[in-house]
Structure formats: C-alpha cells, structure tokens
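Please examine the model shown here, reading the report below alongside the sequence and the coordinates.

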Amino acid sequence: MTSRIEPLMTIADLEAMPDDGNRYELIEGELYVSCGPGLTHQIVSDNIVYLIRRYLDRNPIGIVVSTIGLILSDYNGVIPDIVFFRHEDYDRLVSNERLYSAPELVVEILSSGSENIRRDRVAKHKLYGKYGVKEYWMIDRDQQTVEVYGLKDDSLDLVSKLKDDDLLVTPILPGFSCTARRIFTLPRL
C-alpha cells in the first residue's frame, strides 16, 4: 500500500490567494480560511489595543498593531489579531510592511466554531511557541476569560487564566495592568 502525500502550501501560494474578504493563513503548510471578524470581536480587539496604546503613551517602549501579516517561514504565514514588539526589534522584525520574526506578544481573540478553535488553540498556539513568541494571550469572548501563556523552551505554557476583576499584568509591558472585565466592555447603545 502506498500513501499519497499532499504537497504543502507555501507563502508564495498564500500570496496568490484571491482578495475575496476571507482571511487566509498558512500553518505548517496547511491552509486555514476564515471570514472577517464580527463586531464584538473587533470591539474586544479595539479595547485591548486602546489599553496597550494608553500604556505606551506613558511608556514609549514599542508598537502595538492589529491584524498585521506575520511570516515565520516558507510554510507559516498568519494574521494575528494583535501583536506588540519593542522599538529596538523593529529592524529585525519588519520588512515590506510585514513582520518576519516572532514579536514579543501575540493576542488572538477566539472565534466560534471547531475549525477556528483548532486553529487558535492548537495550531497557532504550537506555532507561536515553536518560533519564540514570548507571551500569547488567548481571549475567549464566550467565557469572558483571558488565558496568558508564557514561553518555556519551545512551547507556550499556561501562566494564568483570568476572569472578571482578575488583574492582567505582564513582564512584557512592565507596569501595565487592567482587569479581565475591561477587555470585554462593550459600548452602551
């Protein structure tokens, strides 16, 4: 019996994908397709970016940006919800408007659906550890929790799971803090 090996997709293949409103990501040569994020997802993302930018206004140590292309190898190109990196790492990370190495902090806001959860909880979690992301926050909108993972060797281990008034602090952003609840605050209509 012979087994058939499917060819792995590359970044070149990813670059050739249509601009059809979907997000195309490549993890270990496997293509992941998702729709653009919904309103609540974007509000939560904006809350996090706002909180980190406010911190950076007082402590100008780096850059926070959302939905930037992150290319880690010929077989790995993703679009994290949020990344933070230090100013001194800019030249090492940035080329042609994309990041080409692991930033210090990556934040993913989980989307519903088994395929999305498999991508963020399993595939991206493993990928970010393998390439040296120092800290990974998984934001679960449904459970309103923040899971903080820290790099140990080449994997990301759970450091804390925060909810409600639990305080989110990180050595990546010395002096930064906010409650988990603040991340999930939606505007009043």
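## Strands 9 and 10

In this predicted model, strand 9 (residues 105-109) and strand 10 (residues 135-140) run parallel and are joined by five bridges. Within this pairing, Val106 stands opposite Tyr136 of strand 10.

## The sheet and its helices

Strands 9 and 10 belong to an open sheet of six strands, whose order is 3-6-9-10-11-12 and whose pairing is mixed. Strand 3 (62-66) and strand 12 (155-163) form the edges, each pairing on one side only. On average, and with direction ignored, neighbouring strands of the sheet are turned by 15° against each other.

Helix 2 (residues 39-58) packs on this sheet, where it touches strand 3, strand 6 (82-86), strand 9 and strand 10, and its direction makes about 170° with that of strand 3. Helix 4 (residues 114-130) lies across strand 9, strand 10, strand 11 (145-152) and strand 12, and runs at about 165° to strand 10.

## The chain as a whole

The protein chain has five helices and 14 strands, and its C-alpha trace spans about 55 × 35 × 35 Å along the principal axes. Its radius of gyration is 17 Å, which agrees with the value near 16 Å for a compact globule of 189 residues.

Buried residues make up 44% of the 189 residues, and of the contacts with a separation of 6 or more, 53% come from residues 24 or more positions apart. The chain exposes about 10,400 Å², of which carbon and sulfur atoms supply 51%.

## Confidence

The mean pLDDT of the protein chain is 92, with 96% of its residues reaching 70 or more. Among the elements, strand 6 has the highest mean pLDDT (98), whereas strand 2 (residues 30-35) has the lowest (88).

Methods: Residues numbered from 1 in each chain as written. Predicted model: local features only at pLDDT ≥ 70, side-chain atom pairs only at ≥ 80, totals over all residues. Heavy atoms only, no water. Pairing = 2+ DSSP bridges. Helix = DSSP H or I, 4+ residues; strand = E, 2+ residues; numbered from the N terminus. Axes fitted to C-alpha atoms, helices over the stretch in contact; angles between N-to-C directions. Contact = heavy atoms within 4.5 Å. pLDDT = per-residue confidence, 0-100. Rg over C-alpha atoms; globule rule 2.2 N^0.38 Å. Buried < 20%, exposed > 50% of the residue type's maximum accessible area, 1.4 Å probe, protein only. Areas by Shrake-Rupley, 256 points an atom, 1.4 Å probe, with all protein chains shown as cover.
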